[in-house]
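Biologist: Please walk me through how to read this structure, from the backbone to the empty spaces.

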Amino acid sequence: MGKRGSRSQSQLLNTLTKKQKKHLRDFGEEHPFYDRVSGKEGKPQIYQPSESSDTSGSESEAESEPEQVSGYHRLLATLKNVSEEEEEEEEVEEDSAVDEAEMDDDDGGSDVTVEEETAPESAKVREGPPDPEGKGGDGPLGTSQESSEEFTDAKHESLFSLETNFLEEESGGMCSLNASQDPFLQHVNKELKEKEIQAVATNSKTTHQLKWPILGQLVFSSKFQKLETFKPSKDIDLKSLHLQKPLESTWTKTNSQFVSGSPKSSSPFTPLQKELFLIMNSYRDLFYPERTALKNGEEIRHVYCLHVINHVLKANAQVLGNNSRRRSQKLGVGDDDDFRDQGLTRPKVLIVVPFREAALRVVQLFISLLEGDSKKKIIVSNKKRFKGEYGSDPEERPPNLKRPEDYEAVFVGNIDDHFRIGVAILQRSIRLYAPFYSSDILIASPLGLRTIIGGEGEKKRDFDFLSSIELLIIDQADIYLMQNWEHVLHLMNHMNLLPLDSHGVDFSRVRMWSLNNWSKYYRQTLLFGALQDAQINSVFNKYCVNLQGQVAVRNVPMTGSISHVLVQLPHVFQRMEAENLASVIDDRFNFFVNKILSQYRDAVMSHTLIYVPSYFDFVRLRNYFKKEELNFTHICEYTPKSGVSRARHFFLQGEKQFLLLTERFHFYKRYTIKGIRNLIFYELPTYPHFYSEVCNMLRATSRGEEATWTCTVLYSKYDAQRLAAVVGVERAAQMLQSHKNVHLFITGER
């Protein structure tokens with residue numbers, strides 16, 4: 001059976017193009033959420049390497065293209081250590097249980113089958129996103145399939161060109177741009193000195209804490225000498241915000257769904273929006289870790305879209321106004337430094353969102369903000385194509401798919417995570433699918449950007465379009481932890497670098513701080529997520545060096561997610577000691593193997609679920625379990641649906657003592673695992689509510705053995721944020737100060 005499996009995989013590899021194979025190796029798998037169902041027309045085949053043949057793709061490609069093996073694939077290659085005899089035995093054993101798995105209980109099997117067979121077309125990965133250069137097959141993703149499907153709008157180039165257009169008098173022009181008060185002009189016209197730039201590398205951060213009524217505890221910080229703080233005013237007048245026309249009139253209608261129901265609806269903002277926009281409009285960097293899809297996600301999206309359109313309209317109005325001045329005064333090129341009004345490339349805003357549905361909502365908000373209740377509709381080019389590629393059919397969603405509310409809110413609409421699109425705005429017209437270097441706003445996913453930025457040594461790669469980004473918005477940052485956080489880091493490392501090509505820029509119009517390669521000090525970064533996480537905090541602290549300073553919301557959770565556990569369950573928190581952050585991974589593994597696993601080897605401790613947040617830890621544990629010949633099964637984000645059904649069946653029936661489960665699988669599927677009696681959290685969950693969700697799974701198969709249920713959690717002093725989110729900040733502080741294990745007994749409702 002092993003030979004037949006490898007033969008079918010090689011046949012599947014032969015159907016892929018050279019570029020598709022390279023993309024598969026470099027950027028990994030299709031999203032685990034997207035499952036394929038054979039027998040349906042028009043569905044692209046995505047090759048997913050099996051656990052015993054992770055390097056087969058590179059072997060079949062070796063003759064045609066030499067490739068460097070990344071650390072990720074070297075780790076996956078360890079899965080080939082399993083002997084062929086063990087593989088054949090496992091396959092025979094699993095095949096014998098196929099019929100039983102298909103006849104599993106309601107949650108054990110039927111929900112898997114229903115979801116997979118009714119997977120919507122919108123969930124399928126669209127290959128060949130638009131090429132930023134609009135060069136078709138010559139672009140960075142120039143495969144034959146991609147070049148035939150990609151699209152960029154080339155016929156509206158002159159209509160949306162900033163170089164050849166002038167400011168219309170009826171548009172309101174620069175009337176709102178008061179240089180002495182407008183925050184946009186104050187920001188872009190501020191001149192830094194060489195000494196200040198050199199001091200940034202050595203200066204320590206100056207911080208100051210303030211408490212705002214809605215946002216809570218704020219930390220203002222800056223590496224520049226002068227740190228300025230402010231408090232929100234009680235009342236806000238739209239005129240005092242210096243909004244560009246027509247936003248003063250259109251914002252009230254666009255945001256009416258959030259303010260109409262409030263008792264004090266005279267304000268055009270909700271209390272949360274008011275405080276967020278005051279920070280955004282001051283051009284400070286912002287980190288807000290309390291954005292949730294269920295509660296305030298759309299409210300926040302509205303307010304940052306207002307900031308984006310306001311920034312773009314002002315920037316373009318400045319350029320068009322200077323065009324008119326140059327024409328009327330008949331000045332020669334470069335005669336006056338007052339005309340320096342742009343960057344080295346045109347794209348000035350980058351919005352990073354996880355799914356196409358989010359991009360669709362952002363563009364719809366742009367249209368609403370420019371159009372409002374005006375009888376005169378704005379021009380939106382390629383709108384029909386955009387709705388077709390980024391929209392979804394609600395009827396394609398499985399009607400009987402029962403998942404938590406937060407899951408439904410995140411995975412709504414078109415959840416393809418490989419896309420990028422350029423948007424050009426000229427006064428009151430919008431051009432969708434604009435070539436990147438003719439765009440004002442770029443909307444993309446991390447994967448969509450990663451495939452064009454490319455890697456070191458690749459011939460066809462492009463990141464010049466990131467050189468003059470003035471406003472970077474990373475929305476739903478927590479979801480990227482479940483996708484591939486390396487793509488976010490790769491993006492940040494390529495932000496605001498000097499371009500390798502001039503791209504037709506008029507250097508006499510480029511701002512001096514852009515020519516000096518100081519753009520990163522003028523870039524405002526807005527970071528929104530659902531949780532406090534060390535990796536997200538690291539990006540904000542390392543890559544956000546805005547001269548205006550940074551603002552981070554740092555509220556601490558008083559009650560943890562453990563309060564939502566509904567079963568009577570003893571929770572044992574085992575503290576492990578680690579010398580430093582770099583050794584935590586090895587120390588946790590050794591602690592688990594020597595101290596924890598030995599207590600569960602006895603057959604009496606059956607039905608043990610081991611929850612593993614990191615995939616690399618999962619691979620390491622799985623290899624160890626196979627080496628020790630332990631009776632276990634496993635489920636991860638790459639496990640095919642048949643393997644998931646078999647693993648759940650074996651675990652429920654007690655045929656397998658251990659079940660290894662990855663956090664990413666739980667994030668994308670939210671299946672209820674039945675048969676759990678003993679629960680081990682190898683590491684605290686990334687999302688705190690996952691802790692209570694997994695603990696509550698014990699209720700699924702209650703057969704009178706409640707008294708024997710156990711829950712063990714491993715933690716170290718480096719898990720302070722996750723620990724506080726689970727048990728609460730006060731209890732977490734006590735646990736971190738004490739070096740003893742903590743036993744908690746939660747009495748839940750049955």
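**Reading backbone, burial and space**

Modeller: Asn517 is found in the loop between H21 and strand E10 (524-528), where helices (H or I, at least four residues) and strands (E, at least two) are DSSP runs numbered from the N terminus. This is a predicted model, in which local features need pLDDT of at least 70 and side-chain atom pairs count only at pLDDT 80 or more, while totals for chains, interfaces and linings use all residues. Residues are numbered from 1 along each chain as its sequence is written, and side-chain values use heavy atoms, with hydrogens and water left out.

Biologist: What is the phi of Asn517, and is Asn517 buried or exposed?

Modeller: Most residues other than glycine have a negative phi, and most peptide bonds are trans. Asn517, although not a glycine, has a positive phi of about 65°, and with a relative accessible area of 33% Asn517 is partly exposed; buried means under 20%, exposed over 50% and partly exposed in between, with a 1.4 Å probe and protein chains only. Asn496, in the loop between helix H20 (485-493) and helix H21 (512-515), also has a positive phi, near 55°, but Asn496 is buried at a relative accessible area of 4%. A cis peptide bond, with omega about 5°, joins Lys245 and Pro246, and Pro246 lies in the loop between strand E2 (216-222) and helix H11 (247-254).

Biologist: Which residues of helix H13 are buried?

Modeller: An α-helix has 3.6 residues a turn, so residues three or four places apart point the same way. In H13 (residues 271-281), 10 of the 11 residues are buried, so this helix is largely enclosed by the rest of the structure; among them are Leu272, Lys274, Glu275, Phe277 and Met280. Tyr283, which follows H13, has a positive phi near 65°. Over the whole protein of 750 residues, 57% count as buried.

Biologist: Which residues does Asn382 touch?

Modeller: Contact means heavy atoms within 4.5 Å. Leaving aside residues up to four places away in sequence, Asn382 touches Phe151, Asp153, Leu432 and Tyr433; Tyr433 is 51 residues from Asn382 in sequence, yet their C-alpha atoms are 7.3 Å apart. Asn382, in the loop between strand E5 (379-381) and helix H16 (383-390), counts as buried at 18% relative accessibility.

Biologist: Where does the second largest pocket lie?

Modeller: Rolling a probe the size of a water molecule over the atoms shows where empty space is left. On a 1 Å grid over the protein atoms alone, a cavity is a set of points where a 1.4 Å probe fits but cannot get out, and a pocket is an open set with protein on both sides within 12 Å along at least five of seven lines; lining residues have an atom within 4 Å of a point. Domain 1 (183-328 + 338-553) and domain 2 (561-747) both give residues to the lining of the second largest pocket, so this pocket lies between them; the domain bounds come from an automatic or database domain assignment. Its 44 lining residues include Thr292, Ala530, Leu531, Pro688 and His689, which lie nearest its centre, and H28 (720-727) gives the most to this lining, with 5 residues.

Biologist: How many cavities of 30 Å³ or more does the structure hold?

Modeller: The structure holds 4 such cavities, and the lining of the second largest includes His607, Leu652, Arg677 and Glu705.

Key. Points joined across faces, edges and corners; volume = space filled by probe spheres on them.
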